[in-house]
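Reader: Please take a close look at one part of this model, the ligand site. Which contacts and which elements make up the surroundings of the ligand?

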Amino acid sequence: MLKIYQKPEIQELKSDFLTQKKVQLFIKREDLIHPHVSGNKWRKLKYNLEEAKKQGHHTLLTFGGAYSNHIYATAAAAKEAGFKSIGIIRGEEHLPLNHTLSFAQEQGMQLSYMDRSTYRLKKEADVIQRLRDQFGEFFLVPEGGTNNLAIQGCEEIIDDQVKSFDIVCSAVGTGGTISGIIAGMKGNAKIIGFSSLKGNFLTDEVKQLLSGYQCDFQNWEIINDYHFGGYAKVKPELMAFINDFKKDYHIQLEPIYTGKMMYGLFDMISKNLFEENSRILAIHTGGLQGLKGFE
Ligand SMILES: *Cc1c(COP(=O)(O)O)cnc(C)c1O
């Protein structure tokens with residue numbers, strides 16, 4: 001139902017630094033899959049849209065913050081697949097709308113704001129019932145798009161070529177993407193998730209997602225050392241790294257997810273934490289619309 005605009009190919013990154021460190025680093029360009037439904041959001045929405053259609057729904061409803069890649073992607077995906085969409089945005093309305101929300105609205109998404117304390121309870125039945133009373137029937141896509149259908153979609157990031165690497169890395173937010181990668185890798189390689197959020201709860205969160213998906217591979221780890229203060233928090237050295245990375249490798253990253261992953265991966269490489277001649281693959285999960293929020 002969602003179009004693939006460009007097949008996400010694997011590219012090798014080359015530099016004197018990587019040669020010196022005796023590792024081979026590659027990047028899978030999931031960011032190129034679609035101009036607006038980028039990277040992992042495309043993967044996470046694919047089977048959700050199919051299921052919504054199968055159940056006869058005409059409207060998708062989902063949740064997110066004002067700069068959310070998921071809101072942006074869902075608005076575009078809903079339009080492309082012929083659904084109405086409703087975005088429940090955390091907090092108060094701020095006018096004029098920022099880039100993310102004005103884009104979502106242009107795609108036809110109806111925006112509605114939810115105060116932060118209710119937003120924390122958005123999984124509870126009475127909150128959802130109130131949304132049904134207000135908006136009528138809808139297919140609910142959870143915040144960040146993470147559910148079993150999303151994990152199933154993210155399994156498709158993995159093919160035989162990806163399985164041949166020694167290490168596979170991804171950014172982690174809700175944990176849906178890394179869960180799909182773990183399931184899709186079927187025990188191959190070592191999988192490293194770089195958390196964009198502060199705290200150590202994501203390991204348990206991923207364990208829970210995997211058990212709900214009946215998957216019990218153990219060849220993965222979540223690294224919590226590179227969140228730069230927490231979700232959407234940045235520091236000058238992270239921004240400098242993203243600029244340097246673009247200069248050196250001609251690939252754009254953003255500071256919420258992929259920048260933190262790559263910063264962490266380069267830091268681990270510089271500390272010689274990988275065996276000599278390791279073949280490492282980083283997944284570029286996209287999300288570049290988020291950069292506009294930092295301009
Ligand atoms: C949403 C997002 C993530 C996090 O994915 P989860 O499945 O929530 O862990 C990672 N990278 C980018 C670019 C994203 O937009």
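Author: **The ligand site**

Three elements, α2 (40–54), β7 (167–172) and α9 (176–185), each supply at least two residues of the shell around the ligand; helices (H or I, at least four residues) and strands (E, at least two) are DSSP runs, numbered from the N terminus. The model is predicted, so local features need pLDDT of at least 70 and side-chain atom pairs pLDDT 80 or more, while totals for chains, interfaces and linings use all residues. Residues are numbered from 1 along each chain as its sequence is written, and side-chain values use heavy atoms, without hydrogens and water.

The largest share of the shell, three residues, comes from α2. There are 16 residues around the ligand (near means a heavy atom within 4 Å), and K41, K44, T174, T177 and T285 come nearest. By class, three residues of the shell are nonpolar (Ala, Val, Leu, Ile, Met, Phe, Trp, Tyr, Cys and Pro), three are charged (Asp, Glu, Lys and Arg) and ten are polar (the others, Gly among them).

Oxygen atoms of the ligand pair with polar protein atoms in several places. An N or O atom in the side chain of K44 is 2.5 Å from a ligand oxygen. For T174, a polar side-chain atom lies 2.6 Å from an oxygen atom of the ligand. At G175 a polar backbone atom takes this role, at 2.9 Å from a ligand oxygen. On its own the ligand has 380 Å² of accessible area (Shrake-Rupley method, 1.4 Å probe), and the protein covers 98% of that area.

Notes. A polar contact is a pair of N or O atoms within 3.5 Å; within protein, one must be able to donate a hydrogen and the other to accept it, and residues adjacent in sequence count only if both atoms are side-chain atoms.
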